[in-house]
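I opened my notebook for another round of looking things up. Here is the structure I had on screen, so you can follow along.

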Amino acid sequence: MIRKIIPIMLVVLFITSTTAFADKVQLPKTGQTTKYAAGDDGDLQKGTAWPGPRFAVSGDCVTDNLTELMWSKNGNMPNGTKTWQGALDYVASLNSSGGLCGYTDWRLPNVNELESLVNAEKSNTATWLNSQGFTNVQSQYYWSSSTCADSTGNAWNVDMSVGLVDGSGKSVIYYVWPVRAGQSGSLGNSVIWKTGQTTKYAAGDDGDLQKGVAWPSPRFTDNGNKTVTDNLTGLMWTKDANAPGPSTCSPKTLKTWQKALDYVACLNTNNYLGHNDWRLPNRKELFSLVDRSKYNPSIPTGHPFINVHRNYWSSSHGAYGTGSAWRVVVGGGGEVYTGYAWNFYM
């Protein structure tokens with residue numbers, strides 16, 4: 001099925017519209033609805049709309065109607081924290097002891113699955129989730145099954161308070177939240193893509209199970225006109241990942257969050273590359289480029305981008321505190337919020 005898509009530019013990672021191959025991953029909205037500046041995430045609200053209700057409770061389990069992933073209703077089933085290996089062992093023991101809700105195929109979520117629960121509009125995602133039918137979701141870090149490529153003694157975790165994605169030593173203790181695919185068996189991947197991790201570091205980890213939508217081959221198409229299309233998401237990015245537009249818009253330098261938004265507006269005023277609907281990508285769009293098997297940069301091997309740097313602004317505002325916005329560390333793959341007076345790439 002041919003569909004119309006919104007291409008983006010790498011980092012400036014802006015976006016416009018074109019046509020793509022077939023449906024692969026429909027990136028969802030981030031949840032942000034508050035507008036903090038023209039052209040930001042809350043202003044444009046790009047992505048697949050969330051269903052209403054987002055979550056359906058059935059006994060001790062909750063199905064996310066957006067991703068069709070099933071989670072334990074209790075966000076603290078082990079009643080405490082565990083090391084990364086301890087988290088994997090706990091989920092394995094859950095399956096071997098009869099499982100939950102009649103299923104014995106529970107797993108520790110990979111980092112893409114865990115991040116899918118974050119609501120960028122909320123200052124505390126855990127509080128919001130507990131109002132949606134879950135119980136005991138902690139405003140703390142949860143382990144994912146994904147190992148950090150730059151240091152395999154670390155694994156990725158997600159803070160269910162503000163939504164940070166970070167890496168920590170596997171001996172650190174964090175919370176555990178089992179997940180499984182939807183009840184049809186084929187569901188659970190509609191908006192969740194593989195992380196790119198293929199190395200197995202432990203039984204039941206991300207590299208062992210490799211859950212999610214498979215990446216197309218080739219992952220990227222160099223369009224030959226200074227743009228690159230991601231064939232997984234259908235987004236179009238500028239090939240130059242460092243302020244690729246005309247010099248009249250501004251020099252190729254690091255920019256504050258507002259100046260990054262202003263730069264994209266200038267591209268549209270100048271009808272850059274024949275398009276006037278470029279945008280700064282939201283946190284999920286930027287996050288979709290990350291390959292968890294790579295670092296410096298954490299973008300799939302063979303990508304055609306040039307001038308790729310470490311830190312990039314997203315258009316998503318930090319709900320936790322005023323004056324902050326989300327950036328993605330393309331060098332390693334983390335998502336952190338930073339005061340928007342700081343200077344980063346776009």
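My entries below go element by element, with a few single residues along the way.

**Entry 1: the model.** I noted at the start that this is a predicted model.

**Entry 2: helix H2.** I began with helix H2, which runs over residues 84-96 and has 13 residues. From its first C-alpha to its last I read 19 Å, close to the 18 Å expected at 1.5 Å a residue. Next I asked myself which residues of H2 are buried. My list reads Trp84, Gly86, Ala87, Leu88, Tyr90, Val91, Leu94 and Asn95. I then looked for what covers these buried residues, and the cover includes strand S6 (141-147) and strand S7 (154-159). Just after H2, I marked Gly98, which takes a positive phi of about 115 degrees.

**Entry 3: strands S6, S7 and S8.** Since S6 and S7 had come up as cover for H2, I followed them further. They form a hairpin, with six residues between the two strands. Their pairing is antiparallel and runs over four bridges. I picked out one partner pair here: Thr147 is bridged to Ala155 in S7. S7 itself is mostly covered, with five of its six residues buried.

S7 also pairs with strand S8 (residues 165-169), in the antiparallel sense and over five bridges. For Asn154 I found Gly169 as the bridge partner in S8. How many residues lie between the strands in the hairpin of S7 and S8? I counted five, and in this hairpin Gly163 takes a positive phi near 100 degrees.

**Entry 4: Gln197.** This one sits in the loop between strand S9 (179-180) and helix H5 (206-209). Is Gln197 buried or exposed? Its relative accessible area is 4%, so I wrote it down as buried. I then checked what its side chain reaches. The backbone oxygen of Thr147 is at 2.7 Å from the Gln197 side chain, and Thr147 is the residue I had just met as the partner of Ala155. A polar atom of the Gln197 side chain also lies 3.5 Å from the backbone oxygen of Arg292. Leaving out residues up to four places away in sequence, Gln197 touches Ser145, Ser146, Thr147, Asp206, Gly207, Gln210, Arg292 and Ser293.

**Entry 5: Asn76.** I moved to the loop between strand S5 (70-72) and H2, where Asn76 has its place. Asn76 has a relative accessible area of 11%, so I filed this residue as buried too. Its side chain reaches the backbone nitrogen of Gly80 at 2.9 Å. Which residues does Asn76 touch, not counting those up to four places away in sequence? I found Asn136, Gln138 and Tyr175. I also looked up Val137: it is 61 residues from Asn76 in sequence, yet the two are 6.3 Å apart in space, C-alpha to C-alpha.

**Entry 6: the open sheet.** Because S5 flanks the loop of Asn76 on one side, I finished with its sheet. Four strands form this open sheet, in the order S3-S4-S5-S9, and the pairing is antiparallel. Strand S3 (55-58) and S9 are the edge strands, each pairing on one side only. Inside the sheet, strand S4 (residues 61-64) pairs with S5 over three bridges. My last note for the day is that Thr63 stands opposite Met70 in S5.

Note on methods. Residues are numbered from 1 along each chain as its sequence is written. This is a predicted model: local features need pLDDT of at least 70, side-chain atom pairs count only at pLDDT 80 or more; totals for chains, interfaces and linings use all residues. Side-chain values use heavy atoms; hydrogens and water are left out. The expected span of a helix is 1.5 Å times one less than its number of residues. Buried means under 20% relative accessible area, exposed over 50%, partly exposed in between (1.4 Å probe, protein chains only). Contact means heavy atoms within 4.5 Å. A polar contact is a pair of N or O atoms within 3.5 Å; within protein, one must be able to donate a hydrogen and the other to accept it, and residues adjacent in sequence count only if both atoms are side-chain atoms. Two strands pair if DSSP finds at least two bridges between them.
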